[in-house]
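Reader: Please take me through this model in order, beginning with one residue and ending with the chain as a whole.

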Amino acid sequence: MRRDVVHAELWATGEVTANREVRTTVDHPSVGPVTVDCDVLPDGDTELKIVIMTAAPGREDETGLRLTTVVGPPAGTRN
């Protein structure tokens, strides 16, 4: 089955709610400021959310975002 058909069926069932897009700048203590686009995908039945952070390809922010995966989260934060 085609992926777009599967997605359409999932949206039609109401099991997935609409996502919210936000652009924000995160000031990472080791990497510095990184501007990212955040897609927030909430689960309609619980308070759980999936946050997907992306940066524009080929830009300095993409490099910064990739560096955060190497240096890890700031000290004192949960991961």
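Reader: In which element is Met53 found?
Author: This is a predicted model, in which local features need pLDDT of at least 70, side-chain atom pairs count only at pLDDT 80 or more, and totals for chains, interfaces and linings use all residues. Residues are numbered from 1 along each chain as its sequence is written, and side-chain values use heavy atoms, with hydrogens and water left out. Helices (H or I, at least four residues) and strands (E, at least two) are DSSP runs numbered from the N terminus. In these terms, Met53 is found in strand 3.

Reader: Is Met53 buried or exposed, or does it lie in between?
Author: Buried means under 20% relative accessible area and exposed over 50%, with partly exposed in between (1.4 Å probe, protein chains only). The relative accessible area of Met53 is 42%, so this residue counts as partly exposed.

Reader: With which residues is Met53 in contact, its neighbours within four places in sequence left aside?
Author: Contact means heavy atoms within 4.5 Å. One residue to consider is Val36, 17 residues from Met53 in sequence, with 6.0 Å between the C-alpha atoms. Once the neighbours within four places are set aside, the contacts of Met53 are Val36, Asp37, Cys38 and Leu65.

Reader: Which residues make the nonpolar surface patch of about 240 Å²?
Author: Patches are made of residues with over 30% relative accessible area and no salt bridge; like charges are joined within 9 Å and nonpolar side chains (Val, Leu, Ile, Met, Phe, Trp, Tyr) within 5 Å. Val26, in strand 1 (residues 20-28), has a relative accessible area of 35% and is therefore partly exposed. The patch of about 240 Å² is made by Val26, Val51 and Met53.

Reader: Over how many bridges do strand 2 and strand 3 pair?
Author: Two strands pair if DSSP finds at least two bridges between them. Strand 2 and strand 3 form a hairpin, with 6 residues between them. Among the bridge partners, Asp39 is matched with Ile52 of strand 3, and Pro42 with Lys49. Strand 2 (residues 32-42) and strand 3 (residues 49-54) pair in the antiparallel sense, and the number of bridges is 6.

Reader: What is the relative accessible area of Ile50?
Author: Ile50 is found in strand 3, and beyond its neighbours within four places it is in contact with Asp39, Val40 and Leu41. Its C-alpha atom is 9.7 Å from that of Cys38, 12 residues away in sequence. Ile50 counts as exposed because its relative accessible area is 52%.

Reader: Which side chain meets that of Asp37 in a salt bridge?
Author: A salt bridge is a side-chain nitrogen of Lys or Arg within 4 Å of a carboxyl oxygen of Asp or Glu, and by this rule the count comes to 2. One of them joins distant parts of the chain, 14 residues apart, with Asp37 in strand 2 and its partner in strand 1. Asp37 is partly exposed, at a relative accessible area of 27%, whereas its partner is exposed, at 62%. The N to O distance is 2.6 Å, and the side chain that meets Asp37 is that of Arg23.

Reader: By about how much of a helix are Glu62 and Arg66 separated?
Author: The side chains of Glu62 and Arg66 meet in a salt bridge of 3.3 Å, N to O. At 57% relative accessibility, Arg66 counts as exposed. The two residues are 4 apart in helix 2 (residues 60-71), so their separation is about one helical turn.

Reader: How far apart are the end C-alpha atoms of helix 2?
Author: Helix 2 is followed by Gly72, whose phi is positive, near 85 degrees. The expected span of a helix is 1.5 Å times one less than its number of residues. The 12 residues of helix 2 should therefore span 16 Å, which agrees with the distance between its end C-alpha atoms, 16 Å.

Reader: What distance separates the C-alpha atoms of Pro29 and Thr68?
Author: Pro29 lies in the loop between strand 1 and strand 2, and it is exposed, with a relative accessible area of 62%. Pro29 and Thr68 are 39 residues apart along the chain, and their C-alpha atoms are separated by 9.8 Å.

Reader: What pattern does the protein follow along the sequence?
Author: The protein has 2 helices and 3 strands, and 13% of its 79 residues count as buried. Read along the sequence, its pattern is α-β-β-β-α.

Terms used:
Accessible areas come from the Shrake-Rupley method with a 1.4 Å probe; for residues, only the protein chains shown count as cover.
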